[in-house]
Amino acid sequence: MEKAHDKVWNSCLAIIKDIVEWQHFKTWFEPIKPVALKEKILTIQVPSQFFYEYLEEHYVNLLAKTLKRELGKDARLEYRIMVDSGNEKNKPLTMDISGHGIKTFSNNEMDFPLVINNPVKNPFVIPGLRKMQIDSQLNPIYTFDSFVEGDCNRVARRAGKTVAEKPGATSFNPLVIYGGVGLGKTHLAQAVGNEVKRLHQNKVVLYVSSEKFINQFQDHSRNNAINDFIHFYQLIDVLIIDDVQFFNRAEKSQDALFAIFNHLHQSGKQLILSSDKPPKDLEGVQERLLSRFRWGLSADLQTPDYETRIDILEKKMKNDGLEMPREVVKYIAYNIQSNIRELEGALISLLAQSSLNKREIDLDLAKKVLRNFVKTSSKEITIETIQKMVCEFFDVSYDKLLQKTRKREIVQARQITMYLAKIFTKNSLKTIGEHFGGRDHTTVIHSCQTVKDLMDTDSLFRESVIELQQKVQLAAM
Ligand code: ADP
Ligand code: MG
């Protein structure tokens with residue numbers, strides 16, 4: 001007997017057939033399977049997301065009209081999209097979308113555990129959600145406008161702009177942005193995302209760090225839900241993955257990334273990746289992934305030159321409504337050369353010092369602050385410095401530390417000093433021994449071993465050593 005949904009759908013088709021060209025009818029209507037009729041809602045199953053989008057774009061009016069003719073004015077259409085046709089082990093996975101674009105996932109069981117109806121902040125769950133409701137996880141302050149252009153980033157910035165205008169439709173797919181720390185990879189990658197959202201409101205953008213991606217994958221893998229994980233990512237139009245160098249050693253996650261990459265790329269979706277080195281130098285990442293990373297455009301970010309550093313400082317000051325003498329800006333730009341994060345750090349420290357001490361920002365203050373700030377060129381730390389610090393810490397005299405005493409506290413203080421000297425200085429064991437009243441290198445080895453052993457067994461001792469380590473570390477900055 002003909003089922004109700006078949007009956008309704010066949011009547012619709014009879015009308016559509018007369019209206020739509022034969023070739024189009026074969027392509028877009030024959031593959032549709034009616035699957036349910038509940039009250040006035042007809043659910044039709046379509047082979048893919050793309051198929052659904054095409055119907056919605058080209059035939060939505062026709063579908064609505066014919067359906068209303070059959071079912072009355074309350075008639076509604078729902079789509080069921082085949083996401084995965086399944087096999088003996090896994091049931092087919094489908095996704096339902098109503099006319100309003102509200103999706104729920106289903107693997108044809110009653111309560112698919114991952115279906116929720118709230119907008120989700122966080123893609124850890126495979127949600128039933130409006131496409132639009134996937135939170136893109138972008139920081140709105142990272143825009144092109146706030147990303148100062150200079151020789152160091154011109155190509156990457158322009159490529160990013162082009163991609164944002166036509167996501168998925170340029171040859172820059174994937175767009176790989178690479179460069180050292182603090183040079184603007186995250187900022188630029190997110191700027192592309194924010195710009196896509198501004199220009200193409202219907203596109204689903206998602207930013208994710210590689211670490212988060214890997215963690216999510218591992219969670220889903222533990223729960224036997226890898227398919228859900230992959231399907232979720234396949235919904236994204238513009239996928240931004242930050243710091244892909246962290247995929248090294250995450251072998252299984254690389255497989256998932258490979259599947260997602262291929263699907264998105266084939267469906268004309270945009271991928272944007274960032275990395276701390278050019279794709280060819282990424283170690284521990286599968287060759288098949290690397291070769292795909294090279295399909296599009298790899299653009300690097302370099303350290304900004306003096307002029308660009310000035311521009312960046314001025315931009316930040318303008319954004320924050322700050323003013324300071326030109327000579328101070330020049331002084332900072334001249335002295336902080338490593339990267340932009342440090343540049344910002346210097347500016348923030350200077351502001352903090354100025355408001356803390358209720359003092360105008362001038363060159364003097366800048367010199368003072370920067371002296372403390374230029375931590376990157378770590379100071380050479382000497383054995384003597386460490387000896388002094390340990391003596392102070394345990395309240396023993398310097399002479400005692402060197403003497404041949406067997407008093408436990410002194411012996412331990414001496415051993416710790418040797419241990420720290422080994423870690424923090426480049427001196428040989430022999431030299432270290434010489435600094436302790438001419439002991440030989442085997443004593444130093446023995447001391448270091450004793451400290452390590454005690455740290456494993458004695459928590460009080462361990463705390464002291466760690467505290468001291470931190471002190472020395474600070475002194476070395
Ligand atoms: P990375 O991800 O490469 O380590 P980030 O994108 O986090 O670097 O950038 C570090 C800081 O420098 C951020 O606060 C960012 O806004 C800023 N920054 C980087 N490049 C620029 C630029 N061209 N113009 C303005 N600010 C920048
Ligand atoms: Mg970053």
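**Figure 1. Overview of the chain in the predicted model.** Of the contacts in the chain with a separation of 6 or more, 67% join residues 24 or more positions apart. The chain contains 20 helices and 10 strands. Of its 477 residues, 45% are buried.

**Figure 2. The largest nonpolar core of the chain.** This core has 31 residues. Those with the most contacts inside it are Phe-213, Phe-229, Tyr-233, Leu-239, Ile-241, Ile-260 and Phe-293. At least two residues of the core are supplied by each of the strands β7 (205-209), β8 (238-242) and β9 (270-275), and likewise by each of the helices α7 (210-222), α8 (226-234), α9 (251-266) and α10 (287-293). Helix α9 provides the largest share, 6 residues. A second, separate core has 26 residues, among them Ala-413, Ala-421, Phe-461 and Val-472.

**Figure 3. Surroundings of Phe-293 and the cis peptide bond at Pro-174.** Apart from neighbours within four places in sequence, Phe-293 is in contact with Pro-174, Val-176, Val-244, Leu-257, Phe-261, Leu-273, Pro-279, Leu-282, Val-285 and Ser-298. Pro-174, one of these partners, belongs to the loop between α5 (154-165) and β6 (175-178). The peptide bond leading from Asn-173 to Pro-174 is cis, and its omega is near 5°. Most peptide bonds, by contrast, are trans.

**Figure 4. Packing of helix α15 against helix α20.** Two packed helices are described by the angle between their axes and the distance between the axes. The axes of α15 (residues 383-394) and α20 (residues 459-475) come within 11 Å and cross at roughly 135°. The arrangement of α15 relative to α20 is therefore oblique. The crossing of α15 past α20 is right-handed. From α15, Ile-386, Met-389, Val-390, Phe-393 and Phe-394 take part; they meet Ser-464, Glu-467, Leu-468, Lys-471, Val-472 and Ala-475 of α20. Sorted by class, the residues of this contact are 8 nonpolar, 1 polar and 2 charged.

**Figure 5. Surroundings of Thr-417 in helix α17.** Helix α17 spans residues 408-424 and includes Thr-417. With a relative accessible area of 0%, Thr-417 is buried. Beyond its neighbours within four places in sequence, Thr-417 is in contact with Ile-386, Gln-387, Val-390, Leu-401 and Phe-436. Ile-386 and Val-390 are also among the α15 residues that meet α20.

**Figure 6. Packing of helix α12 against helix α13.** Helix α12 (residues 326-335) and helix α13 (residues 340-356) pack with their axes 10 Å apart, at an angle of about 140°. Because of this angle, α12 counts as oblique to α13. In passing α13, α12 makes a right-handed crossing. Val-328, Ile-332 and Ala-333 of α12 form the contact with Leu-343, Ala-346, Leu-347 and Leu-350 of α13. The contact comprises 7 nonpolar residues, with no polar and no charged ones.

**Figure 7. Two loop residues with positive phi, Gln-137 and Asn-224.** Most residues other than glycine have a negative phi. Gln-137, although not a glycine, has a positive phi of about 60°. Gln-137 is located in the loop between β5 (103-106) and α5, and is partly exposed, with a relative accessible area of 22%. Asn-224, likewise not a glycine, has a positive phi of about 50°. Asn-224 occupies a place in the loop between α7 and α8 and is exposed, with a relative accessible area of 73%.

Notes: Residues are numbered from 1 along each chain as its sequence is written. Chains are lettered from A and ligands numbered from 1 in the order in which they are written. This is a predicted model: local features need pLDDT of at least 70, side-chain atom pairs count only at pLDDT 80 or more; totals for chains, interfaces and linings use all residues. Side-chain values use heavy atoms; hydrogens and water are left out. A nonpolar core is a set of buried Ala, Val, Leu, Ile, Met, Phe, Trp, Tyr and Cys residues joined through side-chain atoms within 4.5 Å. Buried means under 20% relative accessible area, exposed over 50%, partly exposed in between (1.4 Å probe, protein chains only). Helices (H or I, at least four residues) and strands (E, at least two) are DSSP runs, numbered from the N terminus. Contact means heavy atoms within 4.5 Å. Axes are lines fitted to C-alpha atoms, for helices over the stretch in contact, and angles run from 0 to 180 degrees between N-to-C directions. Angles under 35 degrees count as roughly parallel, over 145 as roughly antiparallel, 65 to 115 as roughly perpendicular and the rest as oblique. A crossing is left-handed if the near helix is turned anticlockwise from the far one by less than a right angle, and right-handed if clockwise. Ala, Val, Leu, Ile, Met, Phe, Trp, Tyr, Cys and Pro count as nonpolar, Asp, Glu, Lys and Arg as charged, and the others, Gly among them, as polar.
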